[in-house]
Amino acid sequence: MRPSWIPPVLTFALLSPVLALPHGGGDFCQRPPPSTVTVTSTTTLVPGYVKPTGPHQNDNPHQHDVPVYTRTGPDQHGVPTYTPASYSSTYTSESNYPTLPPYPVYNSTAVGPTGTAGPTEVPWPPVKTETSSVIPEPSSSSIEPVPSASCRPSAQYFDRVDKAPSVGTLRAAFLFVDFPDFPATTTVQDLFADYTTAPSALYKTMSYGKLTLEPVLIGDKFHRMPLNSADYNMSRGFSTEEHLKYINDGLTAVGDSASFENIDILYVLPPPEASTVTTSAATASNVTTPDNFVISNSITFGQDLYNTWGYKTLNHETGHTLGLPDLYPYDGRPTTTFAGGFDLMGLVAAQSPDFLAWHKWYLGWIEDSQVDCVIDAGSTTHRISPIEIASDTTKAIAIPLNETAYIFAEVRSKNGIDDEACGTGLLLYIADPAVERKSEPEGADLGSIRVIDTKPKSVGCGKTNDDSGVLNDAPLLLGESWDTELGIIVTVKEVDGDDYVVEVEKLSR
Ligand SMILES: [Zn+2]
């Protein structure tokens, strides 16, 4: 049931679950109500919306964690090669995709046009009513940001119930399996070395040393599955039941030869030769080990780990067990549509793979005190240090738009794991964990993270293969300013070493 104050037109955007995000109970946001706005009319959330006609990616998006690739034939080693599927010509780029407005802003006190009390959607684009007494000019005096804890999203979207630990030690069991039709020809020791050191180091850096991914090798051999690999249907489109059958067969194959005590997550890895096991996927279903421990998060890996994306696939999939969503659209548009090459939850091969500040806040890698919250109208100044650098300084600005959506700002640099980034500067995006993820043909996926393209006419940078780099130059540079048309204007006033000094003007509407 939807709360009575939410207009019906918006319920699909606000109330449907984002499966990869927590959905516990809890109060709504602790922060103060949104600034008062004047509502002059209502509008539909997606004017002119046309259902996408792109290819149907999958039945269960959360099993499908990398872009859709089409098998084009075995290479000289007999390993299938994959090329990105072509997208519908109707929606090959942002320019011909129906424009989706940014998230609506709500007034928690206004009287709607029908005379019913309660929040009402602000028209898009926002209408500034000259006769209104609630739209003053921005204050000329600077005000201090309010304490960031009051800006924290509600527990409904930001708790960590049932999620793998994101701080401390994350013990991951590496269970290698092979098949009658694809017996392993390598040793588990070689693979274990290749796929443990780098992912662990990546998380160590990304988390500023707060998360230790501790790999645990289950047995010292490949465990033989009872069925041929092809019989498990471990390519795109497999069901949860098929997924669990595969995992449970792997556990059974271990028998009582190993201990799963104190294991947080389970990885099941095939030999690189098993070409029919194509896709990596995470599941939050409980599985029971032979020695009767229950593991709540499991990941099965496919050839995309070995042949397409490399070890960061492990960080991406493990990101799901930590509670992070995919950032790429499920409706057939290009992988980089929402987040460009920022954050490996959007694109494993991202030019700037470090997690967004929004994610690091959720994971506990940056503290409430490192997020400046802008609630009140007026002009505020913020000094932001790059997300890639470990420090206790401010890492982000959070500007609430409504009960769940924020404008977020952070500095992306070439530091840390983003040393190959082509786009650096002050990155702006909209984060809304309440957005429903839709896969074609259900409708357009609005995305829970959407980078704001401050250079809409540019071709971007760092284009790789068919993944567009158009959003990669979205960050603002020194002297640049951006009017979000949501009553918020952001300007880079100064660059001091790695730090950016940022002014936020918030109109009271
Ligand atoms: Zn994923």
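A residue is called buried if 20 or more other C-beta atoms lie within 10 Å of its own. This term will be needed at several stops of the tour, which takes place in a predicted model.

**The whole chain**

Begin by displaying the entire protein chain as a cartoon. It contains 8 helices and 19 strands. Of its 509 residues, 49% are buried. Consider next the contacts between residues at least 6 apart in sequence: 72% of them join residues at least 24 apart.

**Helix H7**

Select residues 312–321, which form helix H7. How many of the residues of H7 are buried? The count is 10 of 10, and the helix is therefore described as mostly covered. To label them, choose Lys 312, Thr 313, Leu 314, Asn 315, His 316, Glu 317, Thr 318, Gly 319, His 320 and Thr 321.

Which elements cover these residues of H7? Show helix H4, strand E6, strand E7 (281–283), strand E10 (297–300) and helix H6 (303–309), which are among the elements that do so. Before leaving, select Gly 323, just after H7; this residue takes a positive phi of about 110 degrees.

**Where H4 meets H7**

Keep H7 on display and add residues 197–206, which form helix H4. The two helices pack at an angle of about 55 degrees, and their axes are 8 Å apart. Because of this angle, H4 is oblique to H7. The crossing in which H4 passes H7 is right-handed.

Now show the side chains at the contact. On the H4 side, select Pro 199, Leu 202 and Tyr 203; on the H7 side, select Lys 312, Leu 314 and Asn 315. Sorted by class, the residues of this contact are 4 nonpolar, 1 polar and 1 charged.

**Strand E3 and its partners**

Select residues 168–178, which form strand E3. Because 8 of its 11 residues are buried, E3 is largely enclosed by the rest of the structure.

Three partner strands can be added in turn:

- Strand E4 (residues 211–217) pairs with E3 in the parallel sense over 7 bridges. Label Arg 171 and, opposite this residue, Glu 214 in E4.
- Strand E6 (residues 265–269) also pairs with E3 in the parallel sense, over 5 bridges. Here, Ala 172 stands opposite Ile 265 in E6. Strand E6 was also named among the elements that cover the buried residues of H7.
- Strand E5 (residues 223–224) runs parallel to E3 and is joined to E3 by 2 bridges. Label Asp 178 together with Arg 224 in E5, which stands opposite.

**An open sheet**

For the last stop, display strands E11, E13, E14, E15 and E16. These 5 strands form an open sheet, in the order E11-E13-E14-E15-E16, with mixed pairing. Which strands stand at the edges? They are strand E11 (371–373) and strand E16 (449–451). Each has a single partner strand, so one side of each is left without a neighbour in the sheet. On average, neighbouring strands of this sheet are turned by 25 degrees against each other, direction ignored.

Finally, focus on the edge strand E11 and add strand E13 (residues 396–400); the two run parallel and are joined by 3 bridges. To inspect one such bridge, select Asp 372 and its partner in E13, Ile 397.

Terms used:
Residues numbered from 1 in each chain as written. Predicted model: local features only at pLDDT ≥ 70, side-chain atom pairs only at ≥ 80, totals over all residues. Axes fitted to C-alpha atoms, helices over the stretch in contact; angles between N-to-C directions. Helix = DSSP H or I, 4+ residues; strand = E, 2+ residues; numbered from the N terminus. Parallel < 35°, antiparallel > 145°, perpendicular 65-115°, else oblique. Left-handed = near helix turned anticlockwise from the far one by under 90°. Contact = placed C-beta atoms within 7 Å. Nonpolar A, V, L, I, M, F, W, Y, C, P; charged D, E, K, R; others polar. Buried ≥ 20, exposed ≤ 12 C-beta atoms within 10 Å, placed from the backbone. Pairing = 2+ DSSP bridges.
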